[in-house]
Amino acid sequence: MKIGRYEVLDEIGHGAMGTVYRARDPLIERTVAIKTVQIAQLQQEGADTESRFLREAQSAGRLSHPNIVTIYDVGESDALAYIAMEYIEGCELRVLLREKVALPIADTCSFMLQLLEALA
């Protein structure tokens with residue numbers, strides 16, 4: 001399966017609005033994450049939902065910080081709108097929190113410091 005120029009490797013997550021895939025950018029041979037949403041679903045959500053999706057990519061694309069995922073590309077392919085972004089391997093913090101894993105205080109402080117630095 002392809003989304004734009006990206007070769008989909010596997011699905012890594014999905015939510016109410018769309019699906020996220022791990023994919024390969026054949027032009028520069030790099031692994032990326034592709035966030036996708038059905039264009040028809042965006043249009044059903046309201047007149048400005050499609051433009052909000054684009055603004056999300058534009059806003060995130062202007063940011064440059066080690067604790068914020070880098071946006072590489074945004075576009076439409078077939079019936080999908082997509083955002084191609086930096087792929088980061090690992091577990092999501094919300095998964096750890098949902099499982100109510102007791103994180104060591106040093107890890108908790110490190111996560112919070114990284115979050116606050118990104119917000120700043």
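## A walk from the hairpins to the helices

In the hairpin of S3 and S4, four residues sit between the strands, and glutamate 29 takes a positive phi near 50°. That turn is a handy place to begin a tour of this predicted model. The two strands on either side of the turn run antiparallel and are joined by eight bridges. One pairing to look for is arginine 22, whose bridge partner in S4 is alanine 33.

Before going further, it helps to step back and see the whole chain. The protein chain has four helices and six strands, and reading along the sequence gives the pattern β-β-β-β-α-α-β-β-α-α. Along its principal axes, the C-alpha trace spans about 45 × 35 × 30 Å. Of the 120 residues, 24% count as buried. If you take the contacts between residues at least 6 apart in sequence, 41% of them join residues at least 24 apart. The accessible surface comes to about 8200 Å², and 54% of that belongs to carbon and sulfur atoms.

Now back to strand S3, which covers residues 18–25 and includes threonine 19. Is threonine 19 buried or exposed? Its relative accessibility is 18%, and the cut-off for buried is under 20%, so threonine 19 counts as buried. Leaving aside neighbours within four places in sequence, threonine 19 is in contact with Glu11, Gly13, His14, Ile34, Lys35 and Thr36.

From S3 we can cross S4 to reach strand S6. Strand S4 (residues 30–38) and S6 run antiparallel, with seven bridges joining them. Here alanine 33 turns up again, this time standing opposite methionine 85 in S6, while lysine 35 stands opposite isoleucine 83. Strand S6 itself, residues 80–86, is mostly covered, with six of its seven residues buried.

S6 has another partner in strand S5 (residues 71–77), and these two pair in the antiparallel sense over six bridges. Serine 77 stands opposite leucine 80 in S6. S5 and S6 form a hairpin with two residues between them, and in the turn aspartate 78 has a positive phi of about 55°.

Several of the residues we have just met come together in the interior. In soluble globular proteins, nonpolar side chains tend to be buried together. Here the largest nonpolar core has eleven residues: Ala33, Val37, Ile39, Leu42, Phe53, Ala57, Ala60, Ile71, Ala81, Ile83 and Met85. Which elements give two or more residues to this core? They are S4, helix H1 (39–45), helix H2 (49–61) and S6. Leucine 42 is a good residue to click on: not counting residues up to four places away in sequence, leucine 42 touches Met17, Val37, Thr49, Glu50, Phe53 and Ala81. Apart from the eleven-residue core lies another core, of ten residues, among them Ile3, Val8, Ala23 and Tyr82.

Our last stop is on the outside. Met112, Leu115, Leu116 and Leu119 form a nonpolar patch on the surface, with about 410 Å² of accessible area together. Leucine 115 is found in helix H4, which covers residues 105–119. With a relative accessible area of 42%, leucine 115 is partly exposed, because that class takes in values between the 20% limit for buried and the 50% limit for exposed.

Methods. Residues numbered from 1 in each chain as written. Predicted model: local features only at pLDDT ≥ 70, side-chain atom pairs only at ≥ 80, totals over all residues. Heavy atoms only, no water. Buried < 20%, exposed > 50% of the residue type's maximum accessible area, 1.4 Å probe, protein only. Contact = heavy atoms within 4.5 Å. Pairing = 2+ DSSP bridges. Core = buried A, V, L, I, M, F, W, Y, C linked by side-chain atoms within 4.5 Å. Patch = residues over 30% accessible without salt bridge, like charges linked within 9 Å, V, L, I, M, F, W, Y side chains within 5 Å. Areas by Shrake-Rupley, 256 points an atom, 1.4 Å probe, with all protein chains shown as cover. Salt bridge = Lys/Arg side-chain N within 4 Å of Asp/Glu carboxyl O.
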